[in-house]
Amino acid sequence: MSNKERHWEKTKGLMMLTLAIWFVFSIVIFMFGESLNNGSFLGYPLAYYMCAQGSIVIFVVLIFWFANRQEKIDEEFGFAERGEDE
Amino acid sequence: MAEKFINKKDFISNLPKIYGTYTGGFLIFIILMAIAEQAGMDAKTIGILFVAFTVAIYALIGWISRTVQVDAYYVAGRQVPTVFNGMATAADWMSGASFVAMAGGIYFGGYTYMAFLVGWTGGYVLVSSLMAPYLRKFGCYTVPDFIGTRYGGNGARFMAVVVLTLASFTYVTAQINATGTIASRALGIPFELGVWVGLVSILLCSMLGGMRAVTWTQVAQYIVLIIAYLIPVFWISNKNGFGFFPHLMLADEVARLNDLEATFGLVKNAAADIKAAGVPGGLKSISVPHSDVPAGGMAAWKFISLAICMMVGTASLPHILMRYFTTPSVKAARKSVAWSLFFIALLYTSAPMLATLSKISLLDPNLPTGLIGKPIAEIMQIEWVNAWINVKQAFIADFNGDGVLQLNEWFMRGDVVVLATPEVAGLPYVISGLVAAGGMAAAMSTADGLILAIANALSHDIYYKIVDPKADVRKRLLVARALLIVIGAAGAYIASMRITSILGAVAWAFDFAMSGLFFPLVLGIWWKRATRAGAVAGMVAGLGSGTAYLIYVGPKFMAQTPWLGIDHLRFGIIGASVCLVVMVVVSLMTEEPDSATQKMVDEVRVPSGKTILGKAH
């Protein structure tokens with residue numbers, strides 16, 4: 001496998017992992033909203049809390065994490081951009 | 001001179017200072033207004049000053065950012081730093097509807113409505129992992145530019161423009177409508193005139209400088225709208241002793257609402273009763289629990305399916321995707337998505353809190369502001385109740401004739417939650433003026449992004465790429481600006497006719513976009529085997545089937561029973577599924593893309609190296 005192919009394999013892996021986490025917090029948990037609401041967080045009913053704040057905060061953290069991981073992958077295979085700052 | 005100034009590296013490195021000063025100036029302006037109010041300035045003047053002052057600043061930024069260069073006009077010169085692009089995207093994203101209507105939606109819809117919150121934020125995970133960095137590497141000016149180059153041929157490019165225009169135009173009339181409503185209320189002019197005032201303000205920001213001007217005004221608009229949204233939320237929460245930091249401390253109020261719902265009883269009024277009582281259109285009473293999850297699999301599916309449509313739609317909306325074409329690098333595009341969602345989350349996580357605060361203020365009989373359970377004659381004496389009833393934004397219908405207000409007898413328009421809560425909670429009028437300025441900023445920034453997305457696609461993809469590829473820069477930018485005016489005027493004309501209600505919900509824009517664009521974009525990057533014939537067939541079939549289904553179930557069209565609960569807000573599920581199947585099948589039936597195309601896709605997948613399309617294409 002060439003360098004490029006290995007880079008793409010790892011990139012795909014990260015994409016799938018990111019989307020798996022996304023799938024859990026955007027879809028799976030709300031399939032069980034009714035029973036979820038029996039639990040609580042900060043005193044809020046849990047399902048209510050998750051759509052009011054919980055999932056949103058998780059998405060923000062997830063995207064920052066994803067961006068950092070992808071940068072590491074790009075550097076590892078020598079595909080990071082050079083000479084361009086933020 | 002201004003041209004030179006904004007092109008210099010200095011400008012970019014000075015951005016924090018520039019916008020810091022701007023924010024400070026805005027806060028000082030608020031304080032001055034508060035002092036003026038104490039000194040006896042009337043509410044109307046304060047409202048006018050707030051809207052006029054902020055709009056004048058946006059127009060000034062628009063003028064300073066004017067440009068005669070193609071890449072500055074289309075992609076802001078690709079020099080927008082991550083954090084600032086995040087703010088601009090957040091303003092681009094949060095429309096007048098998000099600002100004014102979202103808290104109201106939660107107020108009436110409770111948990112069920114909050115599927116929109118999940119959908120309108122979760123979509124950014126798709127944007128960052130599937131789309132934005134790769135489109136940035138591609139180096140396109142518009143979304144159809146990517147489709148047209150990746151798949152080749154004018155057919156694919158043209159279909160992408162069709163989907164873009166349909167989705168964005170559905171959205172933009174609602175925005176111009178919102179600017180018109182706010183302008184007319186704040187300036188005290190008729191709505192029909194307010195719409196045109198709104199349009200002129202919108203065009204002042206985008207006409208001369210295209211994407212560059214829109215970028216820097218959107219940052220300024222974000223700062224205004226977030227200040228305008230957060231101050232009332234924190235103020236009300238602290239003033240009424242609900243908690244110092246409402247987001248973490250309103251659990252008791254949520255529980256209390258649950259109890260109150262049980263005490264008062266959630267009654268859904270019969271349509272005939274509502275009609276007989278003469279409740280004005282668009283006004284609703286609370287009939288759905290605040291935090292309870294409705295029972296059953298169908299309810300869960302409706303929540304999830306709505307969230308899916310909004311998420312996939314988010315990742316296909318061109319006016320959002322094109323914001324990530326403006327970052328200096330692929331890496332910056334990825335980071336910028338994260339910052340966008342961070343800035344969006346500041347408002348979206350506050351909306352449920354505002355809804356809770358507003359609801360508890362009105363419902364709780366132990367609070368001085370509570371209305372339910374009080375004699376109607378007494379309620380009619382309250383100034384703000386009177387004011388909103390007079391403008392048909394609120395209504396009392398004494399169904400059981402006992403002279404006491406029940407929960408199901410209090411009607412209100414959703415927008416009132418944001419617009420009136422400061423007043424209800426007894427905050428000074430300066431806050432209401434601030435909220436008007438915030439709503440105006442939210443509606444203007446989204447309208448600018450949308451009009452620019454349509455005008456750029458028509459000028460770059462239709463005019464330059466298809467009609468007249470030899471056109472020089474001057475002519476291209478002239479066409480682009482002429483189109484801005486034409487599209488804006490068309491939107492304003494439709495809005496001024498007050499027929500926006502038949503143009504449908506904002507959700508439709510998401511469904512149109514996902515039906516036609518999601519899979520052609522994703523597969524263009526992630527599946528080398530995707531062919532031109534597949535993409536064109538997918539876009540035609542997806543958009544066609546989605547639209548046909550919308551007409552079949554749409555309450556204002558054929559109004560047939562939705563299949564599996566997929567109603568007119570969720571028709572994108574049908575469109576996108578058809579698009580995927582058709583695109584894959586047709587791609588596999590046609591010959592695989594040539595090696596040049598495959599190589600291009602390989603190049604898109606790595607951040608380093610040159611963009612696929614040159615700096616001036």
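This tour moves through a predicted model with the viewer open, from the contact between two chains to helix pairs and single residues.

**The contact between chains A and B**

Begin by displaying both chains and selecting the residues at their contact, to which chain A gives 43 residues and chain B gives 46 residues. On the side of chain A that touches chain B, colour α1 (3-31), α2 (33-36), β2 (44-45) and α3 (46-76), each of which supplies at least two residues. Of these elements, α3(A) brings the largest share of that side, with 18 residues. Colouring by class then shows 25 nonpolar, 10 polar and 8 charged residues on the side of chain A that touches chain B.

**A loop residue in chain A**

Stay in chain A and select A:Leu42, which sits in the loop between β1 (40-41) and β2. Its backbone deserves a look, as phi of A:Leu42 is near 55 degrees, a positive value in a residue other than glycine. Is A:Leu42 buried, partly exposed or exposed? With 13 other C-beta atoms within 10 Å, A:Leu42 is partly exposed.

**The start of α4 in chain B**

Move to chain B and select B:Ala43, a residue of helix α4 (residues 43-64). B:Ala43 is partly exposed, and 14 other C-beta atoms lie within 10 Å of it. Now add B:Ser65 to the selection and draw a distance between the two C-alpha atoms: the residues are 22 apart along the chain, and 34 Å separates their C-alpha atoms.

**Helices α11 and α24 of chain B**

Next select residues 191-206 and residues 473-496 of chain B, which are helices α11 and α24, and whose axes lie 9 Å apart at an angle of about 160 degrees. That angle makes α11(B) roughly antiparallel to α24(B), and the crossing between α11(B) and α24(B) is right-handed. Showing side chains at this contact brings up, among others, B:Trp196, B:Leu199 and B:Leu203 from α11(B), together with B:Leu484, B:Gly488 and B:Ala492 from α24(B). By class, the contact of α11(B) with α24(B) holds 10 nonpolar, 3 polar and 1 charged residues.

**Helices α14 and α19 of chain B**

A second pair is found by selecting residues 251-264, helix α14, and residues 351-363, helix α19, both in chain B. How are the axes of α14(B) and α19(B) arranged, in angle and in distance? They pack at an angle of about 45 degrees, with the axes 10 Å apart, and that makes α14(B) oblique to α19(B). Viewed along the line between them, the pair can be checked for handedness, and here the crossing is left-handed. From α14(B), the residues B:Glu253, B:Val254, B:Arg256, B:Leu257 and B:Leu260 meet B:Thr356, B:Lys359, B:Ile360 and B:Leu363 of α19(B). The classes in the contact of α14(B) with α19(B) are 5 nonpolar, 1 polar and 3 charged residues.

**Helix α18 of chain B**

Select residues 330-348 of chain B to isolate helix α18, whose 19 residues reach 27 Å from the first C-alpha to the last, close to the 27 Å expected at 1.5 Å a residue. When the surroundings are shown again, α18(B) proves mostly covered, with 17 of its 19 residues buried.

**A loop residue in chain B**

Finish at B:Leu564, in the loop between α28 (532-553) and α29 (572-589) of chain B. Although B:Leu564 is not a glycine, its phi is positive, at about 55 degrees. B:Leu564 counts as exposed because it has 12 C-beta neighbours inside 10 Å, and a residue is exposed at 12 or fewer.

Conventions
Residues numbered from 1 in each chain as written. Chains lettered and ligands numbered in written order. Predicted model: local features only at pLDDT ≥ 70, side-chain atom pairs only at ≥ 80, totals over all residues. Axes fitted to C-alpha atoms, helices over the stretch in contact; angles between N-to-C directions. Helix = DSSP H or I, 4+ residues; strand = E, 2+ residues; numbered from the N terminus. Parallel < 35°, antiparallel > 145°, perpendicular 65-115°, else oblique. Left-handed = near helix turned anticlockwise from the far one by under 90°. Contact = placed C-beta atoms within 7 Å. Nonpolar A, V, L, I, M, F, W, Y, C, P; charged D, E, K, R; others polar. Expected span 1.5 Å × (residues − 1). Buried ≥ 20, exposed ≤ 12 C-beta atoms within 10 Å, placed from the backbone.
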